[in-house]
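Dear colleague,

Please find the structure below, handed over for your use. A short account of its pockets and helix contacts follows.

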Amino acid sequence: MLTLYARVTDILDDIAHWLTPTAARLLFAAVLFVYYWNSGLTKLGDGVFGFLFPSTGAYIQIFPKTVEALGYDTSQLGVFHWAVAVAGTWAEFILPVLIVLGLFTRLAALGMIGFVVVQSWVDVTGHGLGPKDVGAFFDGDPSSLILDQRAFWVFVLGYLVLRGAGPVSVDALLRQSSRAFTSAPQPR
């Protein structure tokens, strides 16, 4: 009986090696890709160079209290605010694409974790979400927007940081081509 159990768990381990990181990336794509893409779109400014000049909405979303204190005149904001808004906007486009493709996955997932943490902090401190929206662990109510929901997001992203994108990814292709290049006979 133990031998059968060991065989079954070995088979499951082999399947998990490629399935779980691929499933984590697919789950990210299914649940969060469009969410972040649409959020990034709301932050783009007008015209061809809108990716360099965030919309007023970008500043309101990222720095709500500061923009309110300035009477919604974003021209009074400094270079720091511009840089954060541009970086945040780009992150909402670039990091999800990298994760879905499985390219620089560990770094992209780590960046997304940082993004989710900052996003949650802004939601609580800047937008004034209350205790019901924030929630609490072990409270018996799994419907809070911040702790409950985003804990699952961070778990999936954390898994990708620790395990990588898996064998069905651009990272795996790069790793294979790198091995082939380094193992090829070198000219003298």
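**Pockets and helix packing**

In the lining of the largest pocket, 11 residues are nonpolar, nine are polar and five are charged. Please bear in mind that this is a predicted model.

The volume of this largest pocket is about 550 Å³. Its lining comprises 25 residues, and those closest to the centre are Q61, I62, V118, Q119 and V122. Five elements each give two or more residues to this lining: α1 (2–43), α2 (56–62), α3 (64–69), α4 (79–101) and α5 (105–126). Of these, α5 contributes the most, with nine residues.

The second largest pocket holds about 160 Å³ of space. Its lining is made up of H17, P21, R106, R163, G164, A165, G166, P167, D171 and R175. Sorted by class, these are three nonpolar, three polar and four charged residues. Both α1 and α8 (170–183) supply at least two residues each to the lining of this second pocket.

I turn now to the way the helices pack, beginning with α5 and its partner α7.

Helix α7 covers residues 147–163, and its axis lies 7 Å from that of α5, with an angle of about 160 degrees between the two. That angle makes α5 and α7 roughly antiparallel, because angles over 145 degrees are counted in that way. The crossing of α5 past α7 is left-handed. On the α5 side, the contact is formed by T105, R106, A109, L110, M112, I113, V116, Q119, S120 and D123. On the α7 side, the residues are R150, W153, V154, L157, G158, L160, V161, L162 and R163. By class, this contact has 11 nonpolar, four polar and four charged residues. Two residues link this contact to the pockets described above: Q119 of α5, which meets α7, is among those closest to the centre of the largest pocket, and R106 of α5, which also meets α7, lines the second largest pocket.

The next pair is α1 and α4.

The axes of α1 and α4 come within 8 Å and cross at roughly 160 degrees. These two helices are therefore roughly antiparallel to each other, and their crossing is left-handed. From α1, the residues in contact are R25, F28, A29, F33, Y36, W37, S39, G40, L41 and K43. From α4, they are T89, E92, F93, P96, V97, I99, V100 and L101. This contact comprises 12 nonpolar, three polar and three charged residues.

Finally, how are α1 and α5 oriented to each other?

The axes of α1 and α5 come within 14 Å and cross at roughly 45 degrees. The two helices are therefore oblique to each other, and their crossing is left-handed. R25, F28, Y35 and Y36 of α1 meet T105, M112, F115, V116 and Q119 of α5. The residues of this contact divide into six nonpolar, two polar and one charged.

Several residues recur across these contacts. From α1, R25, F28 and Y36 meet α4 and also take part in the contact with α5. From α5, T105, M112, V116 and Q119 meet α7 and also take part in the contact with α1.

With kind regards

Note on methods. Residues numbered from 1 in each chain as written. Predicted model: local features only at pLDDT ≥ 70, side-chain atom pairs only at ≥ 80, totals over all residues. Heavy atoms only, no water. 1 Å grid on protein atoms, 1.4 Å probe; cavity = no way out; pocket = protein on both sides within 12 Å on 5 of 7 lines; lining within 4 Å. Points joined across faces, edges and corners; volume = space filled by probe spheres on them. Helix = DSSP H or I, 4+ residues; strand = E, 2+ residues; numbered from the N terminus. Nonpolar A, V, L, I, M, F, W, Y, C, P; charged D, E, K, R; others polar. Axes fitted to C-alpha atoms, helices over the stretch in contact; angles between N-to-C directions. Parallel < 35°, antiparallel > 145°, perpendicular 65-115°, else oblique. Left-handed = near helix turned anticlockwise from the far one by under 90°. Contact = heavy atoms within 4.5 Å.
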